[in-house]
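Here is my note on the structure, point by point. Please keep the sequence and the 3D view open as you read.

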Amino acid sequence: MDETEFWELVDAARGAAEGDPEEQADLLIDRLLQMDPEMVLDFARHFEARYNRAYTWDLWGAAWVLLDGAGDDTFDSFRCWLIGQGREVYEGAVHAPDSLSDLLDDFDEEIDGDGEELGYAADEAYEQLTGVTVPDLGIPPAPSEPEGTPVDFENERVLSERYPKLWERFRG
């Protein structure tokens, strides 16, 4: 599975789920179950690599503003949700986190921002197909700390200056 196929799967499931991350995860599992286990592992590698790449202080700060707070677990779920939004939103957010203000048409705080189930879709499909857990994916491990310069999440002035568009749209 190449990168284009990975994003096509993500996009197809998101479209069919009409933006509901839990439904998107279920649909993704259904689609992965129609593939051979090696393709599911390829999908898992693509997902995990993007999940690790999004482990940055800049993105965590954007999630903090967007979600009105984001601890470790919330940021983990946010990164899964971000991948579930597709290539354009994901790449835009990774390169310029404040651009999420422009990239997100609608944002429902009740369901958006939490894609924990998406993070388990490949694992679930692989286990159903093979009866065993996903083996080591053979990709570099996640960094122990987010990349970049730490953000003072408790300082509203810092957040509003660092993420002016997100602050204006979601906290202003």
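1. How many of the 11 residues of helix α4 (residues 57–67) are buried? The count is 10, so the helix is mostly covered. Bear in mind throughout that this is a predicted model.

2. Look at which residues of α4 are buried. The aromatic ones are Trp57, Trp60 and Trp64. Leu59, Leu66 and Leu67 are also on the list, as is Val65. Gly61, Ala62 and Ala63 complete it.

3. Next, the partners of α4. Its buried residues pack against α5 (72–84), α6 (87–95) and α7 (100–103). They also pack against α9 (156–162) and α10 (164–171). Just after α4 comes Asp68, which takes a positive phi of about 60°.

4. Now the nonpolar core. The largest one has 56 residues. Within this core, Phe43, Leu59, Phe78, Leu82 and Leu100 touch the most other members. Several helices each supply at least two residues: α1 (3–17), α2 (21–32), α3, α4, α5, α6, α8 (116–130) and α10. The largest share comes from α4, with 9 residues.

5. Take Leu82 as an example from that core. Residues up to four places away in sequence are not counted here. Leu82 touches Leu59 and Leu100. Leu82 also touches Val89, Tyr90 and Ala93.

6. The aromatic rings deserve a point of their own. The structure holds 15 aromatic pairs. One of them joins Trp81 and Phe107, edge-to-face, at 5.7 Å centre to centre and with 90° between the planes. Trp81 lies in helix α5, while Phe107 lies in the loop between α7 and α8, so this pair ties together parts that are 26 residues apart in sequence. Trp81 counts as buried because its relative accessibility is 1%, under the 20% cut-off.

7. Phe107 has a second pair to check. Its relative accessible area is 14%, so Phe107 is buried too. Phe107 and Phe170 also meet edge-to-face, at 5.6 Å centre to centre and with 75° between the planes. Phe170 is in helix α10 and Phe107 in the loop between α7 and α8, so the pair ties together parts 63 residues apart in sequence. Phe170 is buried as well, with a relative accessible area of 15%.

8. Step back to the wider set of rings. Ring pairs link Trp81, Phe107 and Phe170 into a cluster with Tyr55, Trp57, Trp60, Trp64, Phe75, Phe78 and Phe153. Another ring, that of Tyr51, has a charge over it. The charged end of Arg79 sits there, 3.8 Å from the ring centre.

9. Turn to Glu3, in helix α1. Is Glu3 buried or partly exposed? Its relative accessible area is 27%, so Glu3 is partly exposed. The side chain of Glu3 makes a polar contact with the side chain of Arg50, at 3.0 Å. It makes another with the side chain of Arg87, at 3.1 Å. Leaving aside neighbours within four places in sequence, the contacts of Glu3 also include His46 and Glu91. Glu117 is 114 residues from Glu3 in sequence, and their C-alpha atoms are 21 Å apart in space.

10. Finally, follow the contact from Glu3 to His46. His46 has its place in helix α3 (residues 37–53). His46 is buried because its relative accessible area is 16%, under the 20% cut-off. Leaving aside neighbours within four places in sequence, His46 is in contact with Met1, Asp2, Glu3 and Phe6.

How values were computed:
Residues are numbered from 1 along each chain as its sequence is written. This is a predicted model: local features need pLDDT of at least 70, side-chain atom pairs count only at pLDDT 80 or more; totals for chains, interfaces and linings use all residues. Side-chain values use heavy atoms; hydrogens and water are left out. Buried means under 20% relative accessible area, exposed over 50%, partly exposed in between (1.4 Å probe, protein chains only). Helices (H or I, at least four residues) and strands (E, at least two) are DSSP runs, numbered from the N terminus. Contact means heavy atoms within 4.5 Å. A nonpolar core is a set of buried Ala, Val, Leu, Ile, Met, Phe, Trp, Tyr and Cys residues joined through side-chain atoms within 4.5 Å. Rings of Phe, Tyr and Trp (its six-membered ring) pair if their centres lie within 6.5 Å; planes under 30 degrees apart count as stacked, over 60 as edge-to-face and the rest as tilted. A charge sits over a ring if NZ of Lys or CZ of Arg is within 6 Å of the ring centre and within 35 degrees of the ring normal. A polar contact is a pair of N or O atoms within 3.5 Å; within protein, one must be able to donate a hydrogen and the other to accept it, and residues adjacent in sequence count only if both atoms are side-chain atoms.
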